[in-house]
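Q: Please take a close look at one part of this model and then place it in the context of the rest of the chain.

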Amino acid sequence: MNEGPDRIAVLPVLPSLDIDETLAFYRDALGFTEIVYRAADYLVLRRDDMELHFWRTQDATLCQNSSVRGGGIGALHAEYREKGVERLSNMEVRPWNMEEFYIHDPHGNLLRFGRVPQPRD
């Protein structure tokens with residue numbers, strides 16, 4: 001389990017327009033390879049200490065207005081950049097003094113990964 005300032009702690013429940021498409025994106029692009037539970041209308045995925053839950057909806061506005069925040073971002077951003085994950089933002093310090101990067105999933109859910117800015121050498 002990760003400890004310290006870069007510890008990851010995420011357990012959101014997000015809407016999904018298509019459970020199979022959600023599974024493919026989070027498994028193949030973002031590395032959530034452990035399927036904890038899968039049904040036609042619900043999905044639970046895990047990657048290390050991160051666990052994501054998805055419930056099936058037909059309302060796209062729910063996805064477009066949902067977001068989640070997580071940590072452990074340095075290695076994740078490098079991994080996702082190397083894999084060429086679509087809709088991956090640059091990692092940068094935002095005006096509110098958080099170092100963050102964002103990913104939109106195929107249905108519009110916004111994943112925000114942030115940490116207190118690291119000291120520069």
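What is the relative accessible area of V13, and how does that classify the residue?

A: The model is predicted, and every value below is computed from it. V13 has a relative accessible area of 48%. Because buried means under 20% and exposed means over 50%, V13 counts as partly exposed. The residue sits in strand β1, which covers residues 13–16. Together with W55 and L62, V13 makes a nonpolar surface patch of about 240 Å².

L62, a member of that patch, leads to S66. The side chain of S66 reaches the backbone oxygen of L62 at a distance of 2.6 Å. S66 lies in the loop that runs from α2 (60–64) to β5 (67–70). With a relative accessible area of 17%, S66 falls under the 20% limit and is therefore buried. When neighbours within four places in sequence are set aside, the contacts of S66 are L14, P15, G108, N109 and L110.

Two of these partners, L14 and N109, are also touched by Y26. With residues up to four places away in sequence not counted, the other residues that Y26 touches are G31, F32, L45, L52, F54, D105 and L111. Y26 belongs to the largest nonpolar core, which has 22 residues. Within this core, Y26, L30, F32, F54, Y80, I103 and L111 touch the most other members. At least two core residues come from each of α1 (19–29), β3 (42–47), β4 (50–56), α3 (73–83), β7 (99–104) and β8 (110–115). The element that gives the most is α1, with five residues. In soluble globular proteins, nonpolar side chains tend to be buried together.

The helix α1 can be described further. Its buried residues include I19, T22, L23, F25, Y26 and A29. At the N-terminal end, D18 acts as a cap on α1, with a side-chain oxygen 3.0 Å from the backbone nitrogen of D20. Just after the helix, G31 has a positive phi of about 80 degrees; G31 is also one of the residues touched by Y26.

Another stretch to examine is strand β6 (residues 92–93), where E92 is located. E92 is partly exposed, at 38% relative accessibility. Its side chain and that of R94 are joined by a polar contact of 3.1 Å. Neighbours within four places in sequence aside, E92 is in contact with M98, E99 and E100. E92 and G114 are 22 residues apart along the chain, and their C-alpha atoms are separated by 9.4 Å.

As for the whole chain, it has three helices and eight strands. Their order along the sequence is β-α-β-β-β-α-β-α-β-β-β. Of its 121 residues, 43% count as buried. Where contacts join residues at least 6 apart in sequence, 52% of them link residues at least 24 apart. The accessible surface of the protein chain is about 6800 Å², and carbon and sulfur atoms account for 48% of that area.

Definitions and conventions: Residues are numbered from 1 along each chain as its sequence is written. This is a predicted model: local features need pLDDT of at least 70, side-chain atom pairs count only at pLDDT 80 or more; totals for chains, interfaces and linings use all residues. Side-chain values use heavy atoms; hydrogens and water are left out. A nonpolar core is a set of buried Ala, Val, Leu, Ile, Met, Phe, Trp, Tyr and Cys residues joined through side-chain atoms within 4.5 Å. Buried means under 20% relative accessible area, exposed over 50%, partly exposed in between (1.4 Å probe, protein chains only). Helices (H or I, at least four residues) and strands (E, at least two) are DSSP runs, numbered from the N terminus. Contact means heavy atoms within 4.5 Å. A polar contact is a pair of N or O atoms within 3.5 Å; within protein, one must be able to donate a hydrogen and the other to accept it, and residues adjacent in sequence count only if both atoms are side-chain atoms. Patches are made of residues with over 30% relative accessible area and no salt bridge: like charges are joined within 9 Å, nonpolar side chains (Val, Leu, Ile, Met, Phe, Trp, Tyr) within 5 Å. Accessible areas come from the Shrake-Rupley method with a 1.4 Å probe; for residues, only the protein chains shown count as cover. A salt bridge is a side-chain nitrogen of Lys or Arg within 4 Å of a carboxyl oxygen of Asp or Glu.
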